[in-house]
Amino acid sequence: MKKSMRLIVAAALPVVVSLFVFASCGGAPLHDSEVRFTALPLPAQEFIAAHYDLELIISIKGGFDYEVTIQDGTEIEFTRSGRLTKVDADQHPLPEGIIAILPATLLGYLADKFPNEQIKSIEVERTGYVIEMSVFDEDLLFNKDGGFVGLG
């Protein structure tokens, strides 16, 4: 009897601990928790400070990764280590300083093919970049060196 009781307790313990942790977090997933600017990894803090007025930040959610929302609707995403993964300016063009992080080859392609459009979203992936323009409806895919790969 004692052995079966120990087995029941051993099996139930992880469930009880999980419920306690979930309840102590307010039931919210860890990546949706509000965090302070200073809780962001240093590369994320430096990126935001270089391109945006810190007083215009309306929310910072963090945990597994981070999402920062700026007053104009811009959303910026970073990995847990602070590596930029996405900047989406919604209906606004991205600041020139952010566009400058892109490879020259990619910028040349965009200037040639889309001279009257502005970049409104950049996704930085391990294999390259996904660019969304202000009017053109399809995502533009580029490799790490900035070479055009196709439409997405």
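This is a tour of a predicted model, going from the whole chain to the sheet, one strand pair, a salt bridge and a group of aromatic rings.

**Whole chain**

Start with the protein chain coloured by secondary structure. The protein chain has 4 helices and 9 strands. Read from the N terminus, the elements come in the order α-β-α-β-β-β-β-α-α-β-β-β-β. Switch to colouring by accessibility: of the 152 residues in the protein chain, 31% are buried. For contacts in the protein chain between residues at least 6 apart in sequence, 39% join residues at least 24 apart.

**The sheet**

Select the strands. The 9 strands make an open sheet, ordered β1-β2-β3-β4-β5-β6-β7-β8-β9, with antiparallel pairing. At the edges are β1 (33–34) and β9, each of which pairs on one side only. Strands of a sheet pair through backbone hydrogen bonds, in either the parallel or the antiparallel sense.

Add helix α2, residues 42–51. Helix α2 packs on the sheet and touches β2 (57–62), β3 (66–70), β4 (75–78) and β5. Look along β4: the direction of helix α2 makes about 155 degrees with that of β4.

**Strand β6 and its partners**

Hide the helices and select β6, residues 119–125. How many of the residues of β6 are buried? The number is 5 of the 7, so β6 is largely enclosed by the rest of the structure.

Turn to the β5 side. Strand β5, residues 84–88, pairs with β6 in the antiparallel sense over 3 bridges. Here Lys86 stands opposite Glu123 in β6.

On the other side, β6 and β7 run antiparallel and are joined by 6 bridges. Follow β6 to Glu123, whose bridge partner in β7 is Val130. Glu123 therefore faces Lys86 in one direction and Val130 in the other. Further along, the bridge partner of Glu125 in β7 is Gly128. The two strands β6 and β7 form a hairpin, with 2 residues between them.

Now select Ser121, which is found in strand β6. Is Ser121 buried or exposed? Its relative accessible area is 2%, so Ser121 is buried. Show what surrounds Ser121: leaving aside residues up to four places away in sequence, Ser121 touches Lys86, Val87, Asp88, Leu94, Val130, Ile131 and Glu132.

**The salt bridge**

Stay on the hairpin and show the side chains of Lys120 and Glu132. They meet in a salt bridge, 3.3 Å from N to O. Lys120 lies in strand β6 and Glu132 in strand β7 (residues 128–133), so the pair ties together parts that are 12 residues apart in sequence. Side chains of opposite charge can pair when their charged atoms come close. A search of the whole structure finds 1 salt bridge.

Compare the surfaces of the two residues. Lys120 has a relative accessibility of 11% and counts as buried, because the limit for buried is under 20%. Glu132, with a relative accessible area of 25%, is partly exposed.

**A lysine over a ring**

Next select Tyr129 and Lys144. The charged end of Lys144 sits over the ring of Tyr129, 5.8 Å from the ring centre.

**The aromatic rings**

Show the side chains of Phe, Tyr and Trp. The count of aromatic pairs comes to 5. A pair of aromatic rings is described by the distance of the centres and the angle of the planes.

Select Tyr109 and Phe142. Their ring centres are 5.5 Å apart and the planes stand at 75 degrees, so the pair is edge-to-face. This pair links distant parts of the chain: Tyr109 is in helix α4 (residues 104–113) and Phe142 in strand β8 (residues 140–143), 33 residues apart. Tyr109 counts as partly exposed at 23% relative accessibility, whereas Phe142 is buried, with a relative accessible area of 3%.

Keep Tyr109 and add Phe148. Tyr109 and Phe148 form a stacked pair, 4.6 Å centre to centre with 10 degrees between the planes. Again distant parts of the chain are linked: Tyr109 in helix α4 and Phe148 in strand β9 (residues 148–151), 39 residues apart. Phe148 has a relative accessible area of 36% and is partly exposed.

To finish, select Tyr109, Phe142 and Phe148 together: they form one aromatic cluster.

Methods
Residues are numbered from 1 along each chain as its sequence is written. This is a predicted model: local features need pLDDT of at least 70, side-chain atom pairs count only at pLDDT 80 or more; totals for chains, interfaces and linings use all residues. Side-chain values use heavy atoms; hydrogens and water are left out. A salt bridge is a side-chain nitrogen of Lys or Arg within 4 Å of a carboxyl oxygen of Asp or Glu. Buried means under 20% relative accessible area, exposed over 50%, partly exposed in between (1.4 Å probe, protein chains only). Two strands pair if DSSP finds at least two bridges between them. Rings of Phe, Tyr and Trp (its six-membered ring) pair if their centres lie within 6.5 Å; planes under 30 degrees apart count as stacked, over 60 as edge-to-face and the rest as tilted. A charge sits over a ring if NZ of Lys or CZ of Arg is within 6 Å of the ring centre and within 35 degrees of the ring normal. Contact means heavy atoms within 4.5 Å. Axes are lines fitted to C-alpha atoms, for helices over the stretch in contact, and angles run from 0 to 180 degrees between N-to-C directions.
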